[in-house]
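The following note sets out comments on the model under review. The points run from the overall fold to individual residues.

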Amino acid sequence: MSGSGMPRLMLLDTASLYFRAFYGVPDSIRRPDGTPVNAVRGLMDMIARLTTDYEATHLVACWDNDWRPQWRVDLIPSYKSHRVAEIVPTGPDVEVVPDPLEAQIPMIRRVLDLAGIAVVGVDAHEADDVIGTYASQSRMPTDVVTGDRDLFQLVDDDRAVRVIYTARGMKNLEVLTDVVVVGKYRVLPQQYADFATLRGDASDGLPGVAGIGEKTAASLLGEHGSLRGLLEAADAPDGGLSASVRAKLSAAADYLKVAPAVVNVVRDLEVPTLDEAGAELRPVTGDARTELEQLATEWNLGGSVKRLLEALDRVH
């Protein structure tokens, strides 16, 4: 195994990464038939670097089987609504994805399959929920790789769960632990979902509580511990809340009843075990290696295939 030989699980927010790859690598890189391959190349390079630098022995590429689950939309209709390209009555809705990226997703799936990388998605759920389930059930140190703040709620020093945050680019990765989350937001990771509920998140279409920003949300959670504790204080005559804060919470009462179910990731999905999913990383051999090496030429994947194969060769 790589590095110290200690097992370590890595969970990829796959769509977050291939979107970042698409916008970070020039789309002038194309196959002979003109199809761009920048996202394929970029994702392979990300996986090669991440698994090597963070000494992953197990890897799951978590997939959005439904990027905007109807049950979340039923609770908060504005949830990700600004990213809908087409509403599909039988679901899932079609997300706004640039055509040059859409064309690469089947190639990404093919490369992951040939490389022996486990891909796991669950119907009616987002990749976040798959990540939340594996991270919550993991018996080994776990790194969650994402560009989305939503998953900061999973950070847990006691269980050795970290987030590797990609929002500032692969050259500026940030590893989030309990201390880092507290330093950034003045809340504990286990308070982060309540914090996000109060503050809102325009990128996900979550309105938040009008008049309560990050500082106030952090202060209220610091004093009352959780959203539940805060709402109990709001209901109590001697709860210690100002009339202004009570009024703001009261005005947002309907939202606050449903938002936690939307913001909190699901942690108890039925997913294959790591063994069943084939999550343990192994060198690519035989026909799969031959085909990957052929695709490097046929699809103009350059040195990305070589770097991915070398990263997997180092695991054992």
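How much area does the protein expose, and what percentage of it do carbon and sulfur atoms supply?

1. The protein exposes about 14,300 Å², and carbon and sulfur atoms supply 50% of that area. The model is a predicted one, and the comments below should be read accordingly. Of its 316 residues, 52% count as buried.

2. The secondary structure comprises 15 helices and eight strands. The radius of gyration is 21 Å, close to the 20 Å given by the globule rule for 316 residues, so the protein is as compact as a globular protein of that length. The C-alpha trace spans about 70 × 45 × 35 Å along the principal axes.

3. Contacts across the sequence deserve mention. Where the residues in contact are at least 6 apart in sequence, 69% of the contacts join residues at least 24 apart.

4. On charge, the protein carries 32 positive and 47 negative side chains. The centres of these two sets lie 6 Å apart.

5. Helix α8 is mostly covered, with eight of its eight residues buried. These are Tyr-192, Ala-193, Asp-194, Phe-195, Ala-196, Thr-197, Leu-198 and Arg-199. The packing partners of the buried residues are α7 (178-185), α9 (214-224), α10 (227-235), α11 (243-251) and α12 (253-263). Just after α8, Gly-200 adopts a positive phi of about 85°.

6. Arg-199 belongs to helix α8, which covers residues 192-199. Why does Arg-199 count as buried? Its relative accessibility is 13%, and the cut-off for buried is under 20%. Leaving aside neighbours within four places in sequence, Arg-199 is in contact with Arg-149, Tyr-185, Tyr-192, Pro-207, Gly-208, Ile-212 and Glu-214. In addition, Arg-199 and Val-209, ten residues apart in sequence, have a C-alpha to C-alpha separation of 6.4 Å.

7. Asp-128, in helix α6 (residues 127-137), merits separate inspection. Which side chain of opposite charge is nearest to Asp-128? That side chain is Lys-80, at 5.9 Å. Asp-128 is buried yet has no salt bridge. Not counting residues up to four places away in sequence, Asp-128 touches Asp-13, Asp-150, Leu-151 and Val-265. Two of the residues named there, Asp-13 and Asp-150, count as negative, as does Asp-128 itself.

Conventions. Residues numbered from 1 in each chain as written. Predicted model: local features only at pLDDT ≥ 70, side-chain atom pairs only at ≥ 80, totals over all residues. Heavy atoms only, no water. Helix = DSSP H or I, 4+ residues; strand = E, 2+ residues; numbered from the N terminus. Rg over C-alpha atoms; globule rule 2.2 N^0.38 Å. Buried < 20%, exposed > 50% of the residue type's maximum accessible area, 1.4 Å probe, protein only. Contact = heavy atoms within 4.5 Å. Areas by Shrake-Rupley, 256 points an atom, 1.4 Å probe, with all protein chains shown as cover. Charge placed at Lys NZ, Arg CZ, Asp CG, Glu CD. Salt bridge = Lys/Arg side-chain N within 4 Å of Asp/Glu carboxyl O.
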